[in-house]
Amino acid sequence: MSNETLRETLLFQPKHGYDRLDPAQKAEMESYCKDYAAFMDAAKTEREAVAFTVDMAEKAGFRPLQPGMTLKPGDRVYRNNRGKSIMLAVVGEKSLNDGVNICAAHIDSPRMDVKPNPLYEDSEIAYLKTHYYGGIKKYQWTTVPLAIHGVVYRRDGQLVNVTIGEDDNDPVLCVSDLLVHLSGDQMKKTLAEGISGEQLNVILGTIPLSGDDGADRVKLAVMNLLHEKYGMIEEDFLSAELTIVPAGKCREVGLDRSLLGAYGHDDRVCAYAALVPLLALGTPERTAVCVLADKEEIGSVGVSGMQSSCFETFVQDLCDSQGASLNRCFESAFCLSADVTNAFDPNFAETCDKRNNARLNYGVGVCKYTGSRGKGGASDASAEAMGYLRSLLDANGIQWQIATLGKVDQGGGGTVAAYMANRNIVTVDAGVPVLCMHAPWELVSKLDCYMTMKAMAAVYAGK
Ligand code: MN
Ligand code: MN
């Protein structure tokens, strides 16, 4: 054997995705990414993502799963969990006792939530107080155009949808930062301290109520605008879920248009990748399940998070339709925990182990474990599970790469993987590498988005 052959045969030498992408794949990738961008523009919150998903699912022949339903192979069902998370399934040829193939992603993203009593006026400026949700670098959320998305449950019991800042004719909102000229003290602070949580106050307006000499004239004028448009009174903020997110659309980035920039790729980029192939699925061998969960960014807690037994209830209902056992089903199931990973950023090379970090344009990042430091909080997939996924991806010609979240002692993160594994489900993490994760504007590569979607399709069709 020549040395060259030896090198090719024995050594792991990842190749650039674009050197392996054929023209037909390239066209399919561009078309997929165009649709993905439209999803991103329509679904900036978990509620909007669920509404979008229900609409797509209904069009693809899915119907709500009812307890006691009789299901046959090829049947397509979903369950809308209180408008905040959603589970979908395509019933397979095999019994539920033989397990299911799951792709689980999350549809919540870091943002600023509006506080329960948020509206105030200071120095004739009306503000909304916010409470950030998920891990953010607070300074990044000042001086960027912002929008409000959410719902208000009014005193009269009426639920009102609110979106301000996305239409070209809408105003946008903003959090101010200090002018550099007076930042002598601020600039000495750490990045974590430069802007505090209680400074993330959103400017709502500056014009006082005319013909009035009472207190808080600007606040009252702003409240009046909200009342005119949404019929709400100040107390209604208590029963509202209003979130402040970056305003604007998903855009192509780079002169070669190879990247997509958007708010909230984490983790809607994997959610969409999990959804699309499920909707297109025929009758799989094993039942295929797609979970789009809420609350991942704050620990997968709550009634709509991945720790909620809403998932057991859904799969139990599937099992009941054919007299199968939930425990047997979970025991034989496979789950791809579909969440983003970090893309190697040469500007911050010192934070990563380059040999084990995902790179842009090398395909879906497969992550044996997440967690922090000594793998704390990770589900740590077994060699068998990694072997299964690797063979599956290779057999389907899917570009994949190894992913870990930065240097061992640098930090870390988690996904829904541990909560699936705790249910006795074999689980592996995989997803799209992202630059500037959790920033108001995140970047991903189109090629990686496309390969992640292909990976999910392979998982649904597996054994
Ligand atoms: Mn995530
Ligand atoms: Mn995240």
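This note sets out, point by point, the metal sites, sheets and aromatic contacts of a predicted model.

1. The first metal site. The manganese ion (ligand 1) takes its protein donors from H106 (NE2), D266 (OD) and D339, the last entering with two OD entries. These donors lie 2.1 to 2.5 Å from the ion. Along the sequence the donor residues follow the spacing H-x159-D-x72-D. H106 belongs to strand β4 (residues 100-106), while D339 sits in the loop between β15 (334-338) and β16 (341-342); the pair links distant parts of the chain, 233 residues apart. Both H106 and D339 are buried.

2. The second metal site. For the manganese ion (ligand 2), the protein donors are D266 (OD), E297, listed with two OE entries, and H438 (NE2), at 2.0 to 2.6 Å. The spacing of the donor residues in sequence is D-x30-E-x140-H. D266 lies in helix α6 and H438 in the loop between β22 (433-435) and β23 (442-445), so this pair ties together parts that are 172 residues apart in sequence. D266 has a relative accessible area of 3% and is buried. H438, at 18%, is also buried; the value falls under the 20% limit for that class.

3. The link between the two sites. Which residue coordinates both manganese ions? It is D266, and the ions (ligand 1 and ligand 2) are 3.4 Å apart.

4. The nine-strand sheet. An open sheet of mixed pairing is formed by nine strands in the order β1-β2-β3-β14-β4-β15-β21-β17-β19. Its edge strands are β1 (63-64) and β19, each of which pairs on one side only. At the β19 end, strand β17 (residues 364-367) pairs with β19 in the parallel sense over three bridges. G365 stands opposite Q401 in β19.

5. Helices on the nine-strand sheet. Helix α6, which carries the shared metal ligand D266, packs on this sheet and touches β2 (76-81), β3 (85-90), β4, β14 (287-293), β15 and β21 (426-431). The direction of α6 makes about 145° with that of β4. Helix α9 (residues 383-395) also packs on the sheet, with contacts to β15, β17, β19 and β21. Its direction makes about 165° with that of β17.

6. The five-strand sheet. A further open sheet has five strands in the order β12-β13-β23-β22-β16, again with mixed pairing. The edge strands here are β12 (251-253) and β16, each pairing on one side only. Strand β13 (residues 259-262) and β23 run antiparallel and are joined by four bridges; the bridge partner of A262 in β23 is E442. Helix α11 (residues 446-461) packs on the sheet, touching β12, β13, β22 and β23, and its direction makes about 70° with that of β23.

7. A stacked aromatic pair. A search of the whole structure finds 10 aromatic pairs. One of them joins F12 and W400, whose rings are stacked at 6.5 Å centre to centre with 20° between the planes. F12 lies in the loop between α1 (3-10) and α2 (23-42), and W400 in strand β19 (residues 400-402), so the pair ties together parts that are 388 residues apart in sequence. F12 counts as exposed because its relative accessibility is 58%, which is over the 50% limit. W400, with a relative accessible area of 21%, is partly exposed.

8. A tilted aromatic pair and its cluster. Y32 and Y272 form a tilted pair, 5.6 Å centre to centre and with 35° between the planes. Y32 is in helix α2 and Y272 in helix α6 (residues 265-279); the two are 240 residues apart, and the pair links distant parts of the chain. Y32 is buried at 6% relative accessibility, and Y272 is buried with a relative accessible area of 5%. Both residues belong to one aromatic cluster that also includes Y36, F39 and F52.

9. Charges over rings. The charged end of R111 sits over the ring of Y133, at 3.9 Å from the ring centre. In a further case, the charged end of R359 sits over the ring of Y362, 4.4 Å from its centre.

Notes. Residues numbered from 1 in each chain as written. Chains lettered and ligands numbered in written order. Predicted model: local features only at pLDDT ≥ 70, side-chain atom pairs only at ≥ 80, totals over all residues. Heavy atoms only, no water. Donors = N, O, S within 2.8 Å, 3.2 Å for Na, K, Ca; no water. Buried < 20%, exposed > 50% of the residue type's maximum accessible area, 1.4 Å probe, protein only. Phe/Tyr/Trp six-rings, centres within 6.5 Å; stacked < 30°, edge-to-face > 60°. Lys NZ or Arg CZ within 6 Å of the ring centre and 35° of its normal. Pairing = 2+ DSSP bridges. Contact = heavy atoms within 4.5 Å. Axes fitted to C-alpha atoms, helices over the stretch in contact; angles between N-to-C directions.
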